[in-house]
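Reader: I should like a close reading of one part of a structure, set in the context of the chains around it. Please look at the model below.

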Amino acid sequence: MKGARESAERIVEMVGDRAEAEAYVRIGRGELTRFANSFIHQNVGEDYLNIRLRVSSNGSVAAVTGDQGSDDAMAALVETGLAVAATQPIDPDWPGITSPADIPQSDFSSVSTIEATPDQRAAEVAAFVGADTALVAAGYCDTDWFDIGFANSTGHGATSRGSRATIDGIHQTDESAGSGHATSVDFSRIDGAAIGSIAADRARRGTNAFDLKPGEYQVVLAPEAVATIALFLGFYGFNGRAYNEGQSFAAPGETQFDDSVSLADDPSGESALGASFDLEGTPKTHQLLVDRGVTTMLVHDRRSARRAGTVSTGHGWTESSKYGPIPGHLVVSPGSASVDELISGVDRGVYVASFNYCRILDPKTQVVTGLTRNGTFMIENGAITDAVTNLRFTQSFSKSWEPGNVLGLGEDLRYADCEFGAGLVRAPSMHLGSWNFTGGAAG
Amino acid sequence: MFENAVAAVEAALGAGAVYADARYIEGKSESIEVFNGSVRQLDRTESAGIGVRALVGSSWGFFGTHDTSSTGLLAAGRRASEIAKASAAVPGQPFELADVPVVEADYETPHDESLFEVPLSEKVDLLVAVTGALRDVEEVRLATATVAGWDTHKWFVSSQGHRIHQHLVETGGGFSATAIGDDETQIRSYPQSFGQYETGGFETVRRWDFLSNAPRIADEAASLLTASQCPVGEMTVILEASQLALQIHESVGHAIELDRILGWEAAFAGTSHLKLEELGKHRYGSSLMNISADATLPGALGTFGYDDEGTPAQNVPIVNEGIWVGVLSGRDSAARAGLPPGGMARGDGYPRMPMVRMTNVGLAPGESSLDEMIAETERGVLMSTNRSWSIDDKRLNFQFGCEIGWEIEDGKLTRRVKNPTYTGITPQFWGQLDMLAGEAEWVHWGTPNCGKGQPIQVAHTGHSASPGRFARVRVGVTG
């Protein structure tokens with residue numbers, strides 16, 4: 001089988017001078033070992049090939065996708081794309097394809113992840129489960145590696161390789177659950193026993209939970225909960241298309257957050273997950289979205305950038321046409337406090353391990369409803385006391401980081417799971433002055 | 001194409017599986033979105049591949065691949081068995097797959113007009129006209145209209161002898177108008193949020209008559225900018241049928257999935273408040289509540305001939321006069337629970353392992369009507385079209401937001417209200433169902449975006465519903 005870059009170039013060559021063309025090809029293998037009731041119940045793998053071709057024939061645009069890599073199949077895909085485009089009206093917002101740009105060939109992959117076997121994943125699961133065999137464990141361990149190639153008819157081309165490994169799971173008693181999570185480029189850095197111990201400890205401490213009366217409370221949020229906030233801000237707020245359409249809260253140049261908050265989109269560095277360029281072949285670079293409380297910029301693909309009169313920041317993705325450009329390498333700048341120090345600053349509040357089922361009520365106000373899950377505890381006089389049953393909140397995520405409400409940031413920056421999955425956000429723990437809990441176990 | 005699936009199954013058996021099955025799938029899809037008069041998205045997808053499932057001892061392995069060469073098929077079968085063997089390092093209790101009829105069969109979705117045979121220009125012209133009509137209202141700044149469809153051929157083979165070919169056709173679409181104020185956005189959608197999808201061809205889109213409904217939807221979106229906020233407090237709520245369909249999906253459909261009840265989804269989607277020992281005894285709701293999971297409903301989105309384990313589509317009672325009586329199951333979950341298999345295991349394309357999914361989980365119609373419910377309500381809110389949805393991991397504590405509401409006073413609709421929300425606890429809420437509209441207002445709503453599983457799988461499900469009235473509901477939760 002051809003490599004991703006070779007396939008992309010071959011497709012563009014097949015289009016020839018009949019249209020502007022860009023091809024994005026992703027080849028890889030993803031395998032996931034899933035466990036519940038402390039045994040492996042689903043264990044799956046996939047060899048994938050994703051080919052996306054976008055053509056513009058005199059401004060009439062169409063995109064086609066396929067998963068067959070033979071010359072005949074790719075030729076058929078090309079002809080379908082050209083035929084569909086030919087029937088279309090001219091797209092007045094077509095931004096054209098990316099001009100040649102310098103993108104060094106990048107390889108963020110890890111050999112241990114590429115070569116991880118089903119037996120090795122099962123061993124990490126066994127270690128997670130074995131952290132406390134008196135509890136009931138559930139979760140997954142997965143590995144994914146990929147080779148991405150891009151080419152377009154200006155002669156621009158790029159290659160990137162990468163990998164990701166994750167273990168994520170819970171331990172459960174009859175009445176409580178606790179979670180643990182780790183993600184890395186490198187499977188050999190995944191420690192199922194350590195993550196299982198964190199989950200088991202939270203589960204054990206979660207027993208005998210009481211129903212807390214809903215209301216405004218101080219909170220200390222673990223990295224998973226902070227990551228969910230960051231992702232919602234990115235998805236709905238720093239999205240250049242949402243801003244163009246008047247649906248974003250973001251106001252570049254204005255102080256919208258506490259001065260302790262800085263937020264970046266950073267696809268670079270040794271811990272980077274993902275490719276070094278986007279779906280349109282634009283290089284991805286470090287972008288500072290919030291600088292010490294001040295919103296500094298939005299992210300764009302070529303289409304939203306054209307509308308805004310600026311240039312793409314490299315945030316085109318497979319669902320750009322539906323959702324707009326999204327930052328997918330978010331980093332919330334950490335502080336210097338330990339988690340215990342954050343907790344010690346709370347007289348009466350709630351510690352939240354993670355959020356669950358968050359949904360936005362209005363993107364402009366960023367009012368979100370969701371629940372706590374897998375570890376909710378009362379904080380009294382600077383220490384965690386009793387477990388609390390899961391709480392519902394209805395809270396503006398953007399206002400939760402407003403000036404004066406961020407009272408502390410942890411030093412524990414790491415990849416954190418979030419509402420949309422692993423590997424999208426690195427975040428630390430965070431102490432907030434107020435959080436609006438609107439319901440509990442009893443409604 | 002049966003031979004491709006047979007080759008993969010035999011490879012899995014040769015590598016040590018005691019049972020294996022395979023789905024060879026060829027599919028195509030099309031999605032067109034017009035935004036403010038211009039085509040923003042026109043995507044066509046063509047795919048082919050195989051997914052092989054192998055059982056070794058009591059452990060499953062699954063492997064999917066796009067590589068349909070003979071080498072690729074054999075490698076996929078062997079890999080599925082290798083993965084299953086690795087699962088045995090952390091094994092579960094032994095089990096036998098529940099018995100199902102071994103059949104050779106062919107099934108095709110009844111349809112009149114393939115989406116792919118309707119000229120692109122006709123589809124685009126319709127959507128451009130719809131967004132134009134929406135934009136005739138000044139406050140509407142964002143007008144979006146969509147049609148989409150899937151055309152899928154599946155060849156299923158099992159080591160027990162199944163040979164089933166299915167041709168499934170699903171089509172739909174919708175539109176939305178968004179009005180933007182200084183510090184808010186207000187949206188109205190038709191026929192429901194995310195559109196309406198059904199099994200069938202482009203005739204489904206024609207039947208919903210997008211163009212005639214566009215002016216009303218645009219006017220409603222604009223009016224919400226100046227509408228009053230939803231009242232706050234405990235009062236009667238009437239849910240329009242598509243919102244009630246989502247309520248069914250979230251607070252009944254997921255809760256009755258047997259894999260959740262057994263704990264198999266505990267870490268991600270969650271479990272269920274239902275306990276198997278309460279089956280046949282637990283009161284789920286009022287006596288007006290009659291729910292079934294019917295994969296045979298003509299036109300509904302969750303309709304097929306056979307599930308992805310070769311089990312025939314069937315109509316399974318779930319709630320009878322408020323009492324919980326049934327679950328959604330597959331061959332392994334049913335066997336472990338000692339229940340008959342319901343034919344509800346489906347996978348999201350060839351690369352995903354089949355798991356328990358909703359079919360058409362619907363609420364049978366009552367004998368009232370929306371007009372009668374309004375007339376018999378002293379104080380309440382009528383809410384329509386979902387805008388947000390959130391529910392906890394046991395499917396108990398929910399909070400839903402709708403696009404639009406109307407206050408009801410003394411049996412009459414009064415003013416429009418914006419940002420309507422309601423919240424509750426599943427069995428209490430369903431216990432407060434006190435009026436339900438009849439068959440004339442009963443619609444097979446489709447949900448094309450039901451997410452579940454790891455890796456995530458998206459399923460297409462159906463939910464028949466008519467408008468319903470609920471007493472003493474907490475309304476107007478805000479941030």
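My request concerns a single residue of chain B: does B:Glu321 count as buried or exposed, and at what relative accessibility? Please take that loop residue as the point of departure and then describe the backbone and the strands around the two chains.

Author: The model is a predicted one, and every value below is computed from it. B:Glu321 counts as exposed, because its relative accessibility is 54% and the cut-off for an exposed residue is over 50%. The residue belongs to the loop between strand E12 (315-320) and strand E13 (323-324) of chain B. Its backbone deserves attention as well: phi of B:Glu321 is near 45°, a positive value in a residue other than glycine.

Another loop of chain B holds a residue of this kind. B:Phe194 is not a glycine, yet its phi is positive, at about 70°. B:Phe194 sits in the loop between E7 and E8 of chain B. That loop, which runs between strand E7 (185-190) and strand E8 (196-199), is also the place of B:Pro191. The peptide bond that joins B:Tyr190 and B:Pro191 is cis, with omega about -10°.

A further cis peptide bond in chain B joins B:Gln454 and B:Pro455, with omega about 0°. Here B:Pro455 lies in the loop between strand E22 (443-452) and strand E23 (457-465).

A positive phi also appears within a hairpin of chain B. E18(B) and E19(B) form this hairpin with two residues between the strands, and B:Asp410 takes a positive phi near 50° there. Strand E18 of chain B covers residues 397-409, and four bridges join this strand to E19(B) in the antiparallel sense. One position of that pairing can be named: B:Ile408 has B:Leu413 of E19(B) as its bridge partner. Strand E19 of chain B (residues 412-418) pairs with strand E9 (residues 228-229) too, here in the parallel sense and over two bridges. In this parallel pairing, B:Ser228 stands opposite B:Val417 of E19(B). Strands of a sheet pair through backbone hydrogen bonds, in either a parallel or an antiparallel manner.

The setting of these details is chain B as a whole. Chain B contains 10 helices and 24 strands. Its radius of gyration is 23 Å, which agrees with the value near 23 Å for a compact globule of 479 residues. Along the principal axes, the C-alpha trace spans about 70 × 55 × 35 Å. Of the 479 residues of chain B, 67% are buried; B:Glu321, as noted, counts as exposed. Among contacts in chain B with a separation of 6 or more, 75% are between residues 24 or more positions apart. The accessible surface of chain B comes to about 15600 Å², and carbon and sulfur atoms account for 49% of it. Chain B carries 38 positive and 62 negative charges, whose mean positions are 6 Å apart.

Chain A may be described in parallel terms. It has 11 helices and 20 strands. Its radius of gyration of 23 Å agrees with the value near 22 Å for a compact globule of 443 residues, and its C-alpha atoms fill a box of roughly 70 × 50 × 35 Å along the principal axes. Buried residues make up 64% of chain A. Of its contacts between residues at least 6 apart in sequence, 73% join residues at least 24 apart. Chain A exposes about 15000 Å², with 48% supplied by carbon and sulfur atoms. Its 33 positive and 56 negative side chains have centres that lie 4 Å apart.

Within chain A, six strands form an open sheet of mixed pairing, in the order E11-E10-E9-E12-E19-E18. Strand E11 (294-295) and strand E18 (414-418) stand at its edges with a single partner strand each, so one side of each has no neighbour in the sheet. The partner of E11(A) is strand E10 (residues 287-291), joined to E11(A) by two bridges in the antiparallel sense. In this pair, A:Asp291 stands opposite A:Val294 of E11(A).

A buried residue of chain A offers a counterpoint to B:Glu321. A:Ser179 lies in strand E7 (residues 177-184) of chain A. With a relative accessible area of 11%, A:Ser179 is buried, since the cut-off is under 20%. Leaving aside neighbours within four places in sequence, A:Ser179 has contacts that include A:Gly169, A:Ile170, A:Arg202, A:Ser354 and A:Asn374.

How values were computed:
Residues numbered from 1 in each chain as written. Chains lettered and ligands numbered in written order. Predicted model: local features only at pLDDT ≥ 70, side-chain atom pairs only at ≥ 80, totals over all residues. Heavy atoms only, no water. Rg over C-alpha atoms; globule rule 2.2 N^0.38 Å. Buried < 20%, exposed > 50% of the residue type's maximum accessible area, 1.4 Å probe, protein only. Contact = heavy atoms within 4.5 Å. Areas by Shrake-Rupley, 256 points an atom, 1.4 Å probe, with all protein chains shown as cover. Lys, Arg positive; Asp, Glu negative; His and termini not counted. Charge placed at Lys NZ, Arg CZ, Asp CG, Glu CD. Pairing = 2+ DSSP bridges.
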